[in-house]
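Reader: Before I rely on the terms used for this chain, I should like to see how each one is justified. Would you take me through them?

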Amino acid sequence: VHPFPNVDTDTHLKLQPGYQPPPGKTAKLKKSLYWLKQAPMVWHALIEAWMLKYGFKPIGQDRVTFLLNSGKSTILLSLYVDDGICATNDVKLYKQFLKDLAVEFELSYQGQCEWYLGVCIEQDLANKSMKLTQTQYIKDVFERFGMTGATPISTPMEPNTHLTVADCLSAFNSNKEFVSKYQRIIG
């Protein structure tokens, strides 16, 4: 889904050098732009309002996963910014949902989902099973941080090691580059 919704809040732009607006005037956006700080919030409010109007109910506190029940039919939709993944037990209802969604938003349909947010999805429709793995994602992280030759161990720390808050704070304050790298590795 490609969002460029109308802006409900006042968003003013700093103009490029050389352009002077008339006195007392500013440049105000009428539509949200993809790269604005407010764009994800504006987009989520717009798509959530549409989903609720369509009959979906949000699941959980984050309000990124939605459920539609229609008789014995169900659609489960999870959104991440402008990407979404659907699960359904009714292909006809799903196709109608996509058709209705396409009236309101520009869509790109990628077919049966094989990857989503770094997760490999293997579906066996004949046996009604699904397998989710992050093997490739983990390999990519190891490669990105030069750890492909690392030796796995069952316990990453000496047994019976006791850390205090002071130990952690002194380590954090003494090596911020290491802390930053560690945070990027674990996500």
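Author: The turns below set values against definitions. This is a predicted model, in which local features need pLDDT of at least 70 and side-chain atom pairs count only at pLDDT 80 or more, while totals for chains, interfaces and linings use all residues. Residues are numbered from 1 along each chain as its sequence is written, and side-chain values use heavy atoms, with hydrogens and water left out.

Reader: Why is Thr133 called buried?

Author: Buried means under 20% relative accessible area, exposed means over 50%, and partly exposed lies in between (1.4 Å probe, protein chains only). Thr133 has a relative accessible area of 18% and is therefore buried. Across the chain, buried residues make up 19% of the 187 residues.

Reader: What does Thr133 touch, and in which strand does Thr133 lie?

Author: Contact means heavy atoms within 4.5 Å. Leaving aside residues up to four places away in sequence, Thr133 touches Gly118, Val119, Cys120 and Glu122. Thr133 belongs to strand 9 (residues 129-133). Strands (E, at least two residues) and helices (H or I, at least four) are DSSP runs, numbered from the N terminus. The chain has 5 helices and 9 strands.

Reader: What makes strand 4 and strand 5 a pair?

Author: Two strands pair if DSSP finds at least two bridges between them. Strand 4 (residues 65-70) and strand 5 (residues 73-80) are joined in the antiparallel sense over 6 bridges, so the criterion is met. Within this pairing, Thr65 stands opposite Ser78 in strand 5. Both strands belong to an open sheet of 4 strands with the order 3-4-5-6 and antiparallel pairing.

Reader: Which strands of this sheet are called edge strands, and why?

Author: They are strand 3 (57-59) and strand 6 (83-88), each of which pairs on one side only.

Reader: What is the angle between helix 2 and strand 5?

Author: Helix 2 (residues 91-104) lies across strand 4, strand 5 and strand 6 and runs at about 45 degrees to strand 5. Axes are lines fitted to C-alpha atoms, for helices over the stretch in contact, and angles run from 0 to 180 degrees between N-to-C directions.

Reader: What is notable about the phi of Arg63 and of Asn160?

Author: Most residues other than glycine have a negative phi. Arg63, which is not a glycine, has a positive phi of about 55 degrees, and the phi of Asn160 is also positive, near 65 degrees. Arg63 lies in the loop between strand 3 and strand 4, whereas Asn160 is found in the loop between helix 3 (135-144) and helix 4 (165-174).

Reader: Why do Arg63 and Asn160 receive their accessibility labels?

Author: Arg63 has 34% relative accessibility and therefore counts as partly exposed. Asn160, at 71%, therefore counts as exposed.
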